[in-house]
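Words such as buried, exposed and salt bridge are easy to use and harder to justify. How does one get from a value to a word?

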Amino acid sequence: MEFPITRMRRTRRTPALRSLVRETHLRSSALIYPLFLCPGEGVRREIGSMPGVFNLSIDEALKEAEEAAALGLGGLLLFGLPETKDELATGAYADDGIVQRGLRAMKQASGLDSLALIADVCLCEYTSHGHCGIVNKSDDSYEIENDSSLELLAKTAVSLAAAGADIVAPSDMMDGRVAAIRDELDEAGYEQIPILSYASKFASAFYGPFREAANSAPQFGDRRSYQMDGANLREAMREIDLDLAEGADMILMKPAMPYLDVIRAARERFDVPIGAYQVSGEYAMLQAAFQRGWLEPERAMMESLISIRRAGADFIVTYFAKDAAKVLG
Ligand code: PBG
């Protein structure tokens, strides 16, 4: 049926008609808000390249958590800035580590039950060199050791589960970490704690602002020997396959906007919950344009989020979570 019998504009004429035929929807409960926990009290330090995002001491983080719950967000993704860093990332799995303490405080607080508390599992915020695993370094070369890092990652996951994490989310990209974490969690009695694996994580320039927020930039080299090459979609499918075979319950893909095709491919192939992470650089570039008056903030924010949902993500980790929930009402 062609024009003039068919007129696509008929269903676009009014807001009511457009709403009726809208194919993709955003819900506040499918938005996850990242928080960066730091030592101290009353600390609320804005990240230069991420307006509206802060390093928060635990007391301040609790206020954010209350607001997140009141706005109906789905959960929080917790990162930590430890007091000290060392070669073995001891702060990542310390019983009184910064995220562990934050989790306990949130579990004790009332009114936060509607939030899924997701603990990022990685070593880069806790290692003195800023890499996501144990480093074997000589004068002219270095290697991020895979197998020896697994034990520390698994230990970190158990420690975070013990502190009250509802979900653990390994983001390190070591091979075999999901199986190692599943093993240790089960051994420790946390067989009910799901693993949200950052299965498809690309080595990306868009993590730049995060490394300022989490103070986790590598001191030498880069992450290209463990994070994926941005040119590879098929390799991303293999990563997801392997993580699911190792026992991942859900997968997280990142970055989001520059990799919407990869999210779509994963959606068509895997029947597991898929999350996408709209990362720090995606947020920073939109904020920079907002500050200059070059883009309409609310419309551009919502359009960016709906594009990620339309690509196939069930839920979205985003620094816009609170702002978007306010728009959604
Ligand atoms: C830790 C981790 C990173 C991000 C999430 N977990 C940084 C990195 O891999 O360098 C990035 C998130 C963001 O940019 O918002 N490995």
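The questions and answers below concern this predicted model and set values against the cut-offs behind the words.

Q: What makes the radius of gyration of the chain agree with that of a compact globule?
A: For 329 residues, a compact globule would have a radius of gyration near 20 Å, and the chain has 20 Å, so the two agree. The C-alpha atoms fill a box of roughly 70 × 45 × 40 Å along the principal axes, and the secondary structure comes to twelve helices and twelve strands. Buried residues make up 54% of the chain.

Q: Why is Gln287 called buried?
A: Buried means under 20% relative accessible area, and Gln287, at 11%, therefore counts as buried. Gln287 is placed in helix α10, which covers residues 280-291, and, leaving aside neighbours within four places in sequence, Gln287 is in contact with Pro51 and Phe320.

Q: Why is Arg224 called exposed, and why is Asp222 called partly exposed?
A: The word exposed needs a value over 50%, while partly exposed lies between the cut-offs for buried and exposed. Arg224 has 65% relative accessibility and so counts as exposed, whereas Asp222 has 30% and so counts as partly exposed.

Q: How do you know that the side chains of Arg224 and Asp222 meet in a salt bridge?
A: A salt bridge requires a side-chain nitrogen of Lys or Arg within 4 Å of a carboxyl oxygen of Asp or Glu. The N to O distance between Arg224 and Asp222 is 3.2 Å, so the pair satisfies the cut-off of 4 Å. In general, side chains of opposite charge can pair when their charged atoms come close. The structure holds 17 salt bridges, and one network of them links Arg44, Glu60, Lys63, Glu64, Glu67, Lys322 and Lys326.

Q: What makes the pairing of Arg269 and Asp241 a link between parts that are apart in sequence?
A: The side chains of Arg269 and Asp241 meet in a salt bridge at 3.6 Å, N to O. Arg269 lies in helix α9 (residues 260-269) and Asp241 in helix α8, so the pair ties together parts that are 28 residues apart in sequence. Asp241 has 36% relative accessibility and therefore counts as partly exposed.

Q: How do you know which of Asp172 and Glu239 has a salt bridge?
A: The side chains of Asp172 and Arg177 meet at 3.1 Å, N to O, in a salt bridge, and both of these residues are buried. Glu239 is also buried, yet Glu239 has no salt bridge, and the nearest side chain of opposite charge, that of Arg177, is 6.1 Å away. The cut-off for a salt bridge is 4 Å. Glu239 is found in helix α8, residues 233-245, and touches Met173, Asp175, Ala199 and Met228, not counting residues up to four places away in sequence.

Q: What covers the buried residues of helix α6?
A: The cover includes β5, α5, β8, β9 and α8. The buried residues of α6, which covers residues 177-187, are Arg177, Val178, Ala180, Ile181, Arg182 and Leu185. Just after α6, Gly189 takes a positive phi of about 90°.

Q: Why is Met173 called buried, and what is the sign of its phi?
A: At 6% relative accessibility, Met173 falls under the cut-off and so counts as buried. Met173 has a positive phi of about 70° although it is not a glycine. In general, most residues other than glycine have a negative phi. Met173 lies in the loop between β8 and α6.

Q: Why is Asn215 called partly exposed?
A: Partly exposed residues lie between the cut-offs of 20% and 50%, and Asn215, at 46%, therefore belongs with them. Asn215 lies in the loop between α7 and α8, and its phi, near 50°, is positive in a residue other than glycine.

Q: Which residues does a cis peptide bond with an omega of about 5° join, and which does one with an omega of about -10° join?
A: The bond with an omega of about 5° joins Phe3 and Pro4, and Pro4 lies in the segment before α1. The bond with an omega of about -10° joins Lys254 and Pro255, and Pro255 is placed in the loop between β10 and α9.

How values were computed. Residues are numbered from 1 along each chain as its sequence is written. This is a predicted model: local features need pLDDT of at least 70, side-chain atom pairs count only at pLDDT 80 or more; totals for chains, interfaces and linings use all residues. Side-chain values use heavy atoms; hydrogens and water are left out. Helices (H or I, at least four residues) and strands (E, at least two) are DSSP runs, numbered from the N terminus. The radius of gyration is taken over C-alpha atoms; the globule rule is 2.2 Å times the number of residues to the power 0.38. Buried means under 20% relative accessible area, exposed over 50%, partly exposed in between (1.4 Å probe, protein chains only). Lys and Arg count as positive and Asp and Glu as negative; His and the chain ends are not counted. Contact means heavy atoms within 4.5 Å.
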